[in-house]
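Student: Please take one part of this model and go through it closely, with enough of the surroundings to place it. I would like one connected account rather than a list.

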Amino acid sequence: MSQQSEYSEGDLRKTGMSLKHDREWDYELDRIVDAVEERDAKKVGLQFPEGLKRRGPKVADDLRELLPDDVTILISGQPCYGACDLDTYLMKRTDVFVHFGHSPMKNTDKVIYVPLFSNVDVLPIMEDALDELEVGDVGLVTTAQHMNRFEEMREWLEDRDFDVHTRKGDDRLTHEGQVLGCNYASADIDADQVLYVGGGKFHPLGLAMEHPDKTVVIADPVNNVVTVADTEKFMKQRYGAVHRAMDAEKWGVIFCTKIGQGRWEVAQDILGDNDDAYLITMDEVTPDRLRNFAMDAFVNTGCPRITTDDGPQFHKPMLTPGEYEIAVGNKPLDALEFDTFHGTW
């Protein structure tokens, strides 16, 4: 996920304007306390996504009030951009490890996932979104924070004569109708329009790129705004990066060592086909870390959002594997598509 900001394009917090709703979350402290008691745990690890790290000390304080004095609470300071981004160092050194803000990407007894369901009422913004929808077939997708309202959303649309299409994507997704910043398989449904209920524009933008034949309507219940996903600006940016990389001779092939972000076979395929490609392994892929490498261009086999969110910040073109194939002449320019991530670890 993006290294830039906890906020995405279109978020009112970037403008200084007030949010329509204040968000609150259920941290499921009782479930954590029960796990500590069951395991007779002495060390508890807490991991928060970037936008919620500031809430970590308060959650730790609340847990201290509920736990015995001999229990130590450790808060991960490692960057965290998704369920694929676990702090494995801390996880191995604590008796209970809690990952906040995301749904489980893989069933495991080692991690307690607390998705932090939102308290925001989604129905008013869905009402506003009706102006952008045609009654008939519609797909419905959302993020982990609003999955607690998913059935309510579906029934609300059905009551208004919509034929709602939903599905659970691949193994990377936990719930029916859920989308991630790197995976939109749940939108692979038989409908020409999709309603995305959630914050920001990145998820629906990726969805619109992955499914260019569909109209993607964004109903943002936090910023209280309805828009239609427009991929034109994003496409121009990506085509520009590909064109700048077409003359590259030396390629840096990035392999991300985060537990759920490595695509080893993809990296190996590129290296096997290009004698001027060099494998660079790293956990956190940032512009500063790559600046000292004398490469003409990079291809990122890790999280797609590193390329799409932060691509313009790198000193040399940063491409997805598919864009790399275009830049080196293996595929035509019109083969450009959004990079998605499938499977777990």
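**The five-stranded sheet and its setting**

Tutor: The chain contains eleven helices and 13 strands. The model is a predicted one, and what follows should be read as a description of that prediction.

First, the chain as a whole. For 345 residues, a compact globule would be expected to have a radius of gyration near 20 Å, and the chain agrees with this because its own value is 21 Å. The C-alpha trace spans about 60 × 55 × 40 Å along its principal axes. Of the 345 residues, 53% are buried. The chain exposes about 16,200 Å², and carbon and sulfur atoms supply 44% of that area. If contacts are taken between residues at least 6 apart in sequence, 67% of them join residues at least 24 apart.

The part to look at closely is an open sheet of five strands, ordered 6-5-7-8-9, in which the pairing is mixed. Its edges are strand 6 (163-165) and strand 9 (225-228); each of these has a single partner strand, so one side of each has no neighbour in the sheet. On average, neighbouring strands of this sheet are turned by 25 degrees against each other, direction ignored.

At the strand 6 edge, the partner is strand 5, residues 137-142, and the two pair in the parallel sense over three bridges. One residue pair fixes the register: Gly139 has His165 in strand 6 as its bridge partner. Pairing of this kind is a matter of the backbone, since strands of a sheet pair through backbone hydrogen bonds, either parallel or antiparallel.

Two helices are in contact with this sheet. Helix 5, residues 150-158, lies across strand 5, strand 6 and strand 7 (193-197), and runs at about 160 degrees to strand 5. Helix 6, residues 202-210, packs on the sheet as well, touching strand 5, strand 7 and strand 8 (215-220), with its direction at about 170 degrees to that of strand 8. Strand 5 and strand 7 are thus touched by helix 6 and also crossed by helix 5.

Within strand 5, Thr142 deserves a separate look. Where does its side chain reach? It comes to 2.5 Å from the backbone oxygen of Val197. Val197 belongs to the range of strand 7, 193-197. Leaving aside residues up to four places away in sequence, Thr142 touches Met147, Phe150, Met153, Gly177, Gln178, Val179 and Val197. Is Thr142 buried or exposed? Its relative accessible area is 0%, and since residues under 20% count as buried, Thr142 is buried.

The loops at the two ends of the strand order contain some backbone detail. Asp161 sits in the loop between helix 5 and strand 6. Although Asp161 is not a glycine, its phi is positive, at about 70 degrees. Asp161 is exposed, with a relative accessible area of 61%. Asn224 is in the loop between strand 8 and strand 9. Asn224 is likewise not a glycine, and has a positive phi of about 60 degrees. Its relative accessibility is 32%, and Asn224 counts as partly exposed.

For the setting, there is also an open sheet of four strands in the order 2-1-3-4, with parallel pairing. There, strand 2 (72-75) and strand 4 (111-114) are the edge strands; each has a single partner strand, so one side of each is without a neighbour in the sheet. Neighbouring strands of this sheet are turned by 20 degrees against each other on average, direction ignored.

Strand 1, residues 43-47, pairs with strand 3, residues 96-100, in the parallel sense over four bridges, and Gln47 has His99 in strand 3 as its bridge partner. Helix 2, residues 56-66, packs on this sheet, touching strand 1, strand 2 and strand 3, and its direction makes about 165 degrees with that of strand 2. Strand 1 and strand 2 also pair in the parallel sense over four bridges, with Leu74 of strand 2 as the bridge partner of Gly45. Four of the five residues of strand 1 are buried, so this strand is largely enclosed by the rest of the structure.

A last residue, Lys92, lies in helix 3, residues 88-92. Lys92 is exposed, with a relative accessible area of 68%. Lys92 and Lys110 are 18 residues apart in sequence, and their C-alpha atoms are 8.8 Å apart in space.

Note on methods. Residues numbered from 1 in each chain as written. Predicted model: local features only at pLDDT ≥ 70, side-chain atom pairs only at ≥ 80, totals over all residues. Heavy atoms only, no water. Pairing = 2+ DSSP bridges. Axes fitted to C-alpha atoms, helices over the stretch in contact; angles between N-to-C directions. Contact = heavy atoms within 4.5 Å. Rg over C-alpha atoms; globule rule 2.2 N^0.38 Å. Buried < 20%, exposed > 50% of the residue type's maximum accessible area, 1.4 Å probe, protein only. Areas by Shrake-Rupley, 256 points an atom, 1.4 Å probe, with all protein chains shown as cover. Polar contact = N/O pair within 3.5 Å; in protein donor to acceptor, adjacent residues only side chain to side chain.
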